[in-house]
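Please open the model in your viewer and keep the selection panel at hand. The tour goes from a single residue to the whole chain and then to the ligand.

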Amino acid sequence: MRYFLTALVLLLVVVVSLVGWRGSKSTKPPLEVFPDMDRQYKLRPQAGNGFFASGSSSQAYVAGTIPRGAPYRDVPVNTGRLAGTTNFVQTIPVPVDEPLLRRGRQRYQIYCTPCHGAVGDGRGIVTQYGLVAVASFHEPRLVKMPAGEIFHTITKGKNLMGAYGAAIDIPDRWAVVAYLRALQRSRLAVEEDLPESERAALSVN
Ligand code: HEC
């Protein structure tokens with residue numbers, strides 16, 4: 001009986017403290033055990049805001065922003081194909097310069113090296129863990145492959161290879177294609193590529 005009374009009093013205290021003050025008014029903020037995301041550092045649309053020079057929280061679109069659902073332009077840079085056809089473009093449709101190759105190497109080393117290997121021979125690290133049939137870029141078929149088709153393979157993937165279109169944007173995809181061409185070229189150099197003056201130094205006996 002003694003315990004029952006103690007338990008009853010405790011229960012009363014708990015019940016009253018939990019629900020007893022419902023409806024009573026207080027000017028103090030409520031005790032929050034789990035605040036969840038009731039208060040956030042966020043900007044409300046159309047509200048004034050001192051952070052931006054314009055004094056508004058809503059900002060104009062960045063120049064060149066394309067609205068979702070905007071008409072997709074069927075041009076070689078976007079598709080890797082000649083406009084209105086299914087034929088792949090042979091060459092890279094953007095200017096190829098050193099910054100592009102450097103960017104391509106950097107992207108290639110992130111996205112392609114694990115499978116295709118740093119030199120593009122298809123012997124990346126994953127081949128030691130079960131993925132065996134990775135293409136080598138030095139196969140004659142891939143050396144002759146139109147640039148647009150390589151671009152398309154990066155965009156959509158091919159057989160065992162997944163699509164990288166979502167991860168690598170269009171300019172970067174062309175940069176990767178350019179670097180891939182450089183890798184292929186690295187194994188196809190001939191004596192005539194050297195200036196005449198330097199060929200003598202090359203002679204091997
Ligand atoms: C997860 C592993 C993996 C990654 C990462 C990967 N590939 Fe591949 N790739 C493959 C495999 C496997 C094949 C062979 C596909 C087949 O024909 O079965 C292949 C084939 C290819 C081919 C030849 C397609 C053809 O028509 O035969 C090209 C070109 C290619 N990859 C380019 C790339 C480029 C560029 C990247 C980086 C953006 C890349 N791959 C990243 C696994 C990968």
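Select S17 first and colour by solvent accessibility: with a relative accessibility of 42%, S17 counts as partly exposed, because that value lies between the 20% under which a residue is buried and the 50% over which a residue is exposed. Bear in mind throughout that this is a predicted model.

Widen the selection to residues 2–19, and you have helix 1, the helix in which S17 is found. Now show the side chain of S17 together with the backbone of V14, where the S17 side chain reaches the backbone oxygen of V14 at 2.9 Å. Then add P171 and draw a distance between the two C-alpha atoms: S17 and P171 are separated by 154 residues in sequence, and by 63 Å in space.

Next, zoom out and switch to a cartoon of the whole protein, in which eight helices and zero strands are found, so that the pattern read along the sequence is α-α-α-α-α-α-α-α. The protein is more spread out than a compact globule, because its radius of gyration is 32 Å, well over the 17 Å that the globule rule gives for 205 residues. If you align the view to the principal axes, the C-alpha trace spans about 110 × 50 × 40 Å. Colouring the whole protein by burial will show that buried residues make up 23% of the 205 residues.

Now centre on the ligand, which sits in the largest pocket. Which residues are the closest to the ligand? Of the 22 residues that surround it, the closest are C112, C115, H116, R141 and M161. Colour this shell by residue class, and it divides into 17 nonpolar, three polar and two charged residues. To see which helices contribute, select helix 4 (113–116), helix 5 (140–144), helix 6 (147–156) and helix 7 (170–185), each of which supplies at least two residues of the shell around the ligand.

Finally, display the oxygen atoms of the ligand and inspect the polar contacts in turn. Begin with R141, one of the closest residues, which has a polar side-chain atom 2.6 Å from an oxygen atom of the ligand. Move on to K158, where an N or O atom of the side chain is 3.0 Å from a ligand oxygen atom, and then to N159, where an N or O atom in the side chain lies 3.1 Å from an oxygen atom of the ligand.

Note on methods
Residues numbered from 1 in each chain as written. Predicted model: local features only at pLDDT ≥ 70, side-chain atom pairs only at ≥ 80, totals over all residues. Heavy atoms only, no water. Near = heavy atom within 4 Å. Polar contact = N/O pair within 3.5 Å; in protein donor to acceptor, adjacent residues only side chain to side chain. 1 Å grid on protein atoms, 1.4 Å probe; cavity = no way out; pocket = protein on both sides within 12 Å on 5 of 7 lines; lining within 4 Å. Sits in = over half its atoms within 2 Å of the grid points. Helix = DSSP H or I, 4+ residues; strand = E, 2+ residues; numbered from the N terminus. Nonpolar A, V, L, I, M, F, W, Y, C, P; charged D, E, K, R; others polar. Rg over C-alpha atoms; globule rule 2.2 N^0.38 Å. Buried < 20%, exposed > 50% of the residue type's maximum accessible area, 1.4 Å probe, protein only.
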